[in-house]
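User: I'd like to go through some labels on this model and hear the reasoning behind each one. Could you start with the cut-off you use for charge pairs?

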Amino acid sequence: MGIIYRFVANHDSAVKQVEELYTSAFPPDERRDFEVFASLLADDSVPFSVLGAFDDGGERLLSFISFWELPGGMMYLEHFAVIPQMRGMGIGRTVFSHFLDEVASTIVLEVEPPVDVIAVKRIRFYESLGLKLWGDFAYVQPPYGSDKSPLELKLMTHGDVSQPMLEKAVAEVRRLVYGCKASAE
């Protein structure tokens, strides 16, 4: 199966498919309301993008990655999902590898702590793609809204990322992505 990659714009017919996958793949506390997601896509002044992976006909969404360009060139990968019927078939590895090769090689992303089988499997997947788990780095994801809860998560990075670079990226993620004014957790 061939894969066609394209950036999804707010007016793209694929936005509905992104919404369906986004809202089904992530619990409410791990995502913003989709109206806000769509408004970020519509605002050219916001450094937020969605890369979609489509079947070789270019119509059926197989996977997407939403990400932010941080000052200094690092990317914050916010969400990555594969449609349920394609999970476990290597599509995720293919899409993520494309992202690392063609879009952003220096990235930071959040993962659930390795406390259950699924979280451990997800971390191992990312590690197999060259990402590093910052196990001792304390991190709390700010809530996506007043009706949502903060989450204790872990961070992973790809590329040559030092602890000072990670700390700066976290401050930018808190400011840019979550709208936090203070840099303290």
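Analyst: Sure. A salt bridge here is a side-chain nitrogen of Lys or Arg within 4 Å of a carboxyl oxygen of Asp or Glu. Bear in mind that this is a predicted model.

User: What makes D33 and K148 a salt bridge?

Analyst: Their side chains come to 3.4 Å, N to O. The cut-off is 4 Å, so the pair qualifies. The two sit in distant parts of the chain, 115 residues apart: D33 is in the loop between helix 1 and helix 2, and K148 is in the loop between strand 6 (132–141) and strand 7 (151–158).

User: Why is K148 called buried?

Analyst: Buried means under 20% relative accessible area, and K148 has 11%, so the label fits. D33, at 37%, counts as partly exposed, because that label covers values between 20% and 50%.

User: How do you know that R6 and D12 form a salt bridge?

Analyst: Their closest N and O atoms are 3.3 Å apart, and the limit is 4 Å, so the pair counts. D12 is buried because its relative accessibility is 16%, while R6 is partly exposed at 26%.

User: What makes E112 and R122 a salt bridge?

Analyst: The closest N and O atoms are 3.4 Å apart, and the limit of 4 Å therefore takes them in. E112 lies in the loop between strand 5 and helix 4 (117–128), and R122 lies in helix 4, ten residues apart. Both are partly exposed, E112 with 28% and R122 with 35%. The whole structure has six salt bridges.

User: Why is E30 said to have no salt bridge?

Analyst: The nearest side chain of opposite charge, R122, is 6.6 Å away, and a salt bridge needs 4 Å, so E30 goes without. E30 is buried, in the loop between helix 1 (15–25) and helix 2 (34–42). Leaving aside neighbours within four places in sequence, E30 is in contact with H79, E112, Y144 and L151.

User: What makes seven residues of the largest cavity's lining nonpolar?

Analyst: The lining is Y76, V108, E110, Y139, L155, A169, V170 and V173. Tyr, Val, Leu and Ala count as nonpolar and Glu as charged, so the tally is seven nonpolar, no polar and one charged. The largest share, three residues, comes from helix 5. Helix 5 (163–176) and strand 5 (107–111) each supply at least two. The cavity's volume is about 30 Å³.

Definitions and conventions. Residues are numbered from 1 along each chain as its sequence is written. This is a predicted model: local features need pLDDT of at least 70, side-chain atom pairs count only at pLDDT 80 or more; totals for chains, interfaces and linings use all residues. Side-chain values use heavy atoms; hydrogens and water are left out. On a 1 Å grid over the protein atoms alone, a cavity is a set of points where a 1.4 Å probe fits but cannot get out, and a pocket is an open set with protein on both sides within 12 Å along at least five of seven lines; lining residues have an atom within 4 Å of a point. Grid points are joined across faces, edges and corners, and a volume is the space filled by probe spheres set on the points. Helices (H or I, at least four residues) and strands (E, at least two) are DSSP runs, numbered from the N terminus. Buried means under 20% relative accessible area, exposed over 50%, partly exposed in between (1.4 Å probe, protein chains only). Lys and Arg count as positive and Asp and Glu as negative; His and the chain ends are not counted. Contact means heavy atoms within 4.5 Å.
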